[in-house]
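Trainee: I've got some labels here that I'd like to see justified. Can we take them one at a time?
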Amino acid sequence: MERLKKYLDNIRTFLPGRQPEKVDEILREIESHILERAEREHGEINDTSLAIVIKEYGSPEQVAARYYEDGPIIAPHLKNYLFMYTGIIFAIHIGLHLLSLIFGENGAIFRFSSTDLLGVLSQLPVTFIFDFGLVSLVLYFVTKAGATSRLPYFTWFLKNEKVPSLAQRIATLVASIVGVAITYLGFTYGPVYFVDGQMNTLAIAALDTMKYGLFLGFGILTISSIFNFINVFNYSRIVKIASDIAGLIFLLIVVSPDYSGRIADFLGISPESTGHPLLIGILVFITLVTIVELVIETIRFWASRIVASTNT
Amino acid sequence: MDIGKLATEMNRGFIQLLMMVMLDEPMYGYEIVRTLQERNFIIDENTLYPLLRRLEEKEILASEWRVEENKPRKYYSISDAGRKVREELLKIWQEQDRLIKSFVGEE
């Protein structure tokens, strides 16, 4: 009977999107049919007879698929995968757009058609539709192939997710606010140190570049602080995703040729200083870290839904 | 040429009508399969059971659970609304049958 229970549980995982009581009724019907057939055709209900009947009855995927009448373009149990995979590819795609802006005209590898902000922003909806369509096409073929295999949904990221305690969340908020203050002082006054209560300016090479870098840090940390504040009261994956997206939008704006000159004017630094190789390296690093975090959070968000839909 | 898909499409409507004709008296799933087997009509359970369910959702069939021989069995029978639908569908089927025969003749 354990085998039958496991078989029914498996069928349940492929019957999402239906009301739970209807799914229970379907499973009860299937159980009744299998028990009836095992007894009538094999004399008694035992592990052996059940194993034979279950094998003949068909794979859980095929059995479940028969209960969806209109032959969906994408099998209902794959819909969460559609959003998860689209989210992953789109996040990587935004990252590539951002890198193309960072590298500007020198971006041989990351050369997209536009290297100005408006051009990149207008490409994002097209990029999203392309990514969504690409994933839909793949899942369409998976559905047509019988959807007999479960696609990966990276449960590893869920197992390794640690929800921080309230104290940790408050500490993160405080740290990010301190970071905001330090970077603000840094790009406003430059590098300074105090001796006997006297403020002294530290003379360093590439001061303008450093100020610009600190301004970027200020922006990113300000955005983080806002979302860290929300997280203190309501910790959720969607807040982290929103934080990463807001960070990427900020980076897109500040590194675009349309705005970097204005920012240089605002900071009183030379426009050339925004293209320093070290700064580009730091920007690439921040972009990659943000994209990786966004991809992981996207996976966690949708994987948790897939797990929830297969457990109900 | 593989006629499997064409046969499946054709069978779909036919089996719906067949169930409406068969289920004047309540029967449970396995009983339906066996009854048809005795008349040399093999039906896949994975086709039949979801189809019964859909007819029930459309209120063409009614169902009730009974416990017999220590086993739960779901009995299906045609509803009053189903009888009206059956009457209309049988008319269509007879018209189609007559039309086909007018072309291919009776063997």
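Mentor: Sure, and keep in mind that this is a predicted model. Start with the hairpin of E2(B) and E3(B): two residues lie between its strands, and B:Glu69 takes a positive phi near 50° there.

Trainee: How do you know that strand E2 and strand E3 of chain B pair?

Mentor: Pairing takes at least two bridges. Strand E2 (residues 61-68) and strand E3 (residues 71-78) of chain B have eight, in the antiparallel sense, so they count as paired. Across that pairing, B:Glu64 stands opposite B:Tyr75 in E3(B).

Trainee: What lies over the face of B:Tyr75?

Mentor: That's B:Arg66, at 4.0 Å from the ring centre. The distance cut-off for a charge over a ring is 6 Å, so 4.0 Å passes that part. Chain A has a case too: A:Arg262 over the face of A:Tyr259, at 4.9 Å from the ring centre.

Trainee: On to the rings. Why is the pair of A:Tyr184 and A:Phe218 called tilted?

Mentor: A search of the whole structure gives 17 aromatic pairs over all chains. For A:Tyr184 and A:Phe218, the centres are 5.8 Å apart and the planes are at 45°. The centres must lie within 6.5 Å, and an angle that is neither under 30 degrees nor over 60 is tilted, so the label fits. The pair links distant parts of the chain, with A:Tyr184 in helix H8 (residues 166-189) of chain A and A:Phe218 in helix H9 (residues 207-233) of chain A, 34 residues apart.

Trainee: What makes A:Tyr184 partly exposed?

Mentor: Its relative accessibility is 40%. Buried would be under 20% and exposed over 50%, so A:Tyr184 falls in between.

Trainee: And why is the pair of A:Phe301 and A:Trp302 edge-to-face?

Mentor: Their planes are at 90° and their centres 5.1 Å apart. Edge-to-face needs over 60 degrees, so 90° qualifies. A:Phe301 and A:Trp302 are both buried, and they belong to one aromatic cluster with A:Phe83, A:Phe90, A:Phe128 and A:Phe132.

Trainee: Last one: why do B:Lys74 and A:Glu25 count as a salt bridge?

Mentor: The N to O distance between their side chains is 2.8 Å. The limit is 4 Å, so the pair counts. Between chain B and chain A the count is seven salt bridges.

Trainee: How much area is buried between chain B and chain A?

Mentor: About 2100 Å², with carbon and sulfur atoms giving 45% of it. As for residues, 21 of chain B are in contact with 20 of chain A.

Terms used
Residues are numbered from 1 along each chain as its sequence is written. Chains are lettered from A and ligands numbered from 1 in the order in which they are written. This is a predicted model: local features need pLDDT of at least 70, side-chain atom pairs count only at pLDDT 80 or more; totals for chains, interfaces and linings use all residues. Side-chain values use heavy atoms; hydrogens and water are left out. Helices (H or I, at least four residues) and strands (E, at least two) are DSSP runs, numbered from the N terminus. Rings of Phe, Tyr and Trp (its six-membered ring) pair if their centres lie within 6.5 Å; planes under 30 degrees apart count as stacked, over 60 as edge-to-face and the rest as tilted. Buried means under 20% relative accessible area, exposed over 50%, partly exposed in between (1.4 Å probe, protein chains only). A charge sits over a ring if NZ of Lys or CZ of Arg is within 6 Å of the ring centre and within 35 degrees of the ring normal. Contact means heavy atoms within 4.5 Å. Buried area is the accessible area (1.4 Å probe) that two parts lose on being put together, summed over both.
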